[in-house]
Amino acid sequence: MKSIVAIGFDMDYTLAQYKSETFETMAYHGTIKKLVYDLGYPKELLEWKFDWQYMVRGLVLDKRRGNILKMDRHKYAKVAYHGFSELPREERLATYGNSPFQQAYDEPDYALIDTLFSLAEAYLFAQLVEFRDHYPEKIPAAAKAKSDGGLSIPFNFSQMYKDIRAAVDLCHRDGTLKQAVAEDPSKYIHFDAQLVPLFKMLRESGRLTFIVTNSLWDYTNVAMSYLCGKSEYAKSTSRSFEWLAYFDLVITGSAKPGFFADGSRSGIFEVDIKSGMLINTDNGTPLAQVGDIDFKRFSAARNGLKQPCRVFQGGSVQHLHRLLGIESGSQVLYVGDHIYGDILRSKKQPGWRTMLVIPELEEELEHFHQTIQTRKELRLLRDKRDNIEDRIQRLNFDIRSKNGASDDEKSLITERENLEKQRDHVRDLHRQTLKECHEKFHKTWGQLMQTGYQSSRFANQVERFACLYTSQVTNLCYYSPDKCFRTTEDFMPHEIKSLGI
Ligand SMILES: Nc1nc2c(ncn2[C@@H]2O[C@H](COP(=O)(O)O)[C@@H](O)[C@H]2O)c(=O)[nH]1
Ligand SMILES: [Mg+2]
């Protein structure tokens, strides 16, 4: 951390940890209302219930087939559901292949559930898939027409997914969600009393601090006033702007991931924090205002405030570097929750150091500790299975080389049959034990960081793109701001065996 000059934070699901049971449930019901009242879906959807614990990050939606997949790091779809029904193994293999490296599993046919904001829409997708399978006649004409066009092309679920996306998007834009949070932040956002001490510690260490969020100023101010205030939030708190004292720069409406692209020409506006009005700037420097706008009335966004923090909307990473005097991307640490929009893009383009917030990690670790003994047993079972398979393969070779009936060959065949029985028994036991082990983490999707006994696709992305990862941003409080975080030692497969790990 010694070389880090500035520490930046994403806001939503990084500083502001939403309570999924209330926030995502509200998003779910808001989305259904839009599907029913704006997009012509039947009213019975309004009775549907949301299980906020069912979906997990890292899943992939197959929009056309109506399937939901969990993949390992080789993009091998090891778990697949159609709606809420698990695909039989044969069907899964026939559809997604028996071997890895087959498809990219990316847009436009696939959607990645890589933020906690997407859990509600993934759940709704599964529900609508089942609903359409049972009652195809109830699906609105637009979704039907686009997919079969009356040409007896097999139905595909993409248009239904598009409808869900449009409805979710509207909930985020039309105030459905943000207005409710603004009324009562404590109902929807976890209060973390460690946040302010963290900001103070970082600033006392001489670091610059900033926020880059896709939320706009009005909402950013509500959420940050709540988080930096007292847990009992009063609306008036958001008029004091005191939380700005903990930051040098706040960029709202940043339009990440585009923010991280080479975009020094994208417009950046200064926000007048009291009125919320935008002031034109020349790359961050306020422009003289002409005409009869009473500029002084809402002048200098920082007017009357002690702190030097400036608030902007839009712009790009180049603006941010210029405003904070950053010389190289490696001087910045950015903490975010979105593996693509916050982490991958900020690491790849400006070369920032990154920290991913994974709140799921706390439960994951708890279950991990509870299953350590089972993992040891699983490793022994795998070794046993592999040894038996080796012996079978050697016998196959011996039998082939005998090339004709002989007593010798008959005994080899009997030995092979015995071994095959043993192998099947060990393989079934391994499969069953592995399934039970995964179910301890999550009944349907298993362990977040593993698929089968490989790293999950999500875990692989975390390893590749996040310099650091943690369950919550305030875990930084437990370390010196100068701490040297070192990477773990790498091992080759042959070394792992010798070390017994
Ligand atoms: N228009 C949409 N906005 C969305 C959607 N999902 C999330 N959001 C909003 O983005 C920001 C995220 O802010 P950040 O601090 O994490 O950068 C927040 O305001 C969400 O409401 C969506 O599908 N459509
Ligand atoms: Mg976020």
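Which residues does Asp 12 touch, not counting residues up to four places away in sequence? Let's start there. Asp 12 touches Tyr 18, Phe 117, Thr 213, Ser 215, Tyr 219 and Asp 337. Before going on, a word of caution: this is a predicted model.

So, where is Asp 12? You'll find Asp 12 in the loop between S1 and H1. With a relative accessible area of 10%, Asp 12 is buried, because buried means under 20%. Asp 10 is found in that loop too, between strand S1 (6–9) and helix H1 (20–37). Asp 10 counts as buried as well, at 5% relative accessibility. And what does Asp 10 touch, again leaving out residues up to four places away in sequence? The list is Leu 15, Val 212, Lys 256, Tyr 334, Val 335, Gly 336, Asp 337 and Asp 342. Keep Asp 337 in mind: Asp 10 touches Asp 337, and Asp 12 touches Asp 337.

Now to the record. UniProt, in an unreviewed entry, lists Asp 10 and Asp 12 under "active site". Both of these residues, Asp 10 and Asp 12, are in the lining of the second largest pocket.

Next, the metal. Which residues are the protein donors of the magnesium ion, ligand 2? They are Asp 10 through OD, Asp 12 through O and Asp 337 through OD, and they lie 2.0 to 2.3 Å from the ion. Along the sequence, the donor residues are spaced D-x1-D-x324-D. Asp 10 sits in the loop between S1 and H1, while Asp 337 sits in the loop between strand S13 (332–336) and helix H11 (339–348), so this pair ties together parts that are 327 residues apart in sequence. Asp 337 also counts as buried, at 5% relative accessibility.

Let's look at that pocket. The second largest pocket has a volume of about 1,400 Å³. It is lined by 48 residues, and the closest to its centre are Thr 115, Phe 117, Asn 214, Lys 256 and His 338. Two of those names have come up already: Phe 117 is touched by Asp 12, and Lys 256 is touched by Asp 10. Which helix gives the most to the lining of this pocket? That would be H5, with six residues. Among the elements that each supply at least two lining residues are strand S6 (110–112), helix H6 (176–183), helix H9 (217–228) and H11. As for the character of the lining, there are 18 nonpolar, twelve polar and 18 charged residues.

There's also an enclosed space to mention. The count comes to one cavity of 30 Å³ or more, and the largest cavity has a volume of about 60 Å³. Its lining is made of Gly 58, Leu 59, Val 60, Leu 112, Ile 113, Asp 114, Arg 457, Phe 458 and Gln 461. Helix H15 (residues 457–465) gives the most here, with three residues. H15 also supplies at least two residues of the lining of the second largest pocket. By class, the cavity lining has five nonpolar, two polar and two charged residues.

On to the backbone. Most residues other than glycine have a negative phi, and most peptide bonds are trans. Here are some spots that go the other way. A cis peptide bond joins Glu 107 and Pro 108, with omega about 5°; Pro 108 is in the loop between helix H2 (89–96) and S6. Another cis peptide bond joins Lys 256 and Pro 257, again with omega about 5°. Pro 257 is in the loop between strand S8 (249–252) and strand S9 (268–271). And yes, that is the Lys 256 listed among the residues closest to the pocket centre.

Then there's phi. Lys 75 is not a glycine, yet its phi is positive, about 65°. You'll find Lys 75 in the loop between strand S3 (67–71) and strand S4 (77–82), and it is partly exposed, with a relative accessible area of 27%. Asn 283, not a glycine either, has a positive phi of about 50°. Asn 283 is in the loop between strand S10 (278–282) and strand S11 (285–286), partly exposed at 34% relative accessible area.

One last residue: is His 367 buried or exposed? His 367 is buried, with a relative accessible area of 15%. Its place is in helix H12 (residues 361–370), and it touches Lys 440 and Phe 441, not counting residues up to four places away in sequence.

Technical notes
Residues numbered from 1 in each chain as written. Chains lettered and ligands numbered in written order. Predicted model: local features only at pLDDT ≥ 70, side-chain atom pairs only at ≥ 80, totals over all residues. Heavy atoms only, no water. 1 Å grid on protein atoms, 1.4 Å probe; cavity = no way out; pocket = protein on both sides within 12 Å on 5 of 7 lines; lining within 4 Å. Points joined across faces, edges and corners; volume = space filled by probe spheres on them. Helix = DSSP H or I, 4+ residues; strand = E, 2+ residues; numbered from the N terminus. Nonpolar A, V, L, I, M, F, W, Y, C, P; charged D, E, K, R; others polar. UniProt positions renumbered as here; feature names shortened; annotations may be inferred. Buried < 20%, exposed > 50% of the residue type's maximum accessible area, 1.4 Å probe, protein only. Contact = heavy atoms within 4.5 Å. Donors = N, O, S within 2.8 Å, 3.2 Å for Na, K, Ca; no water.
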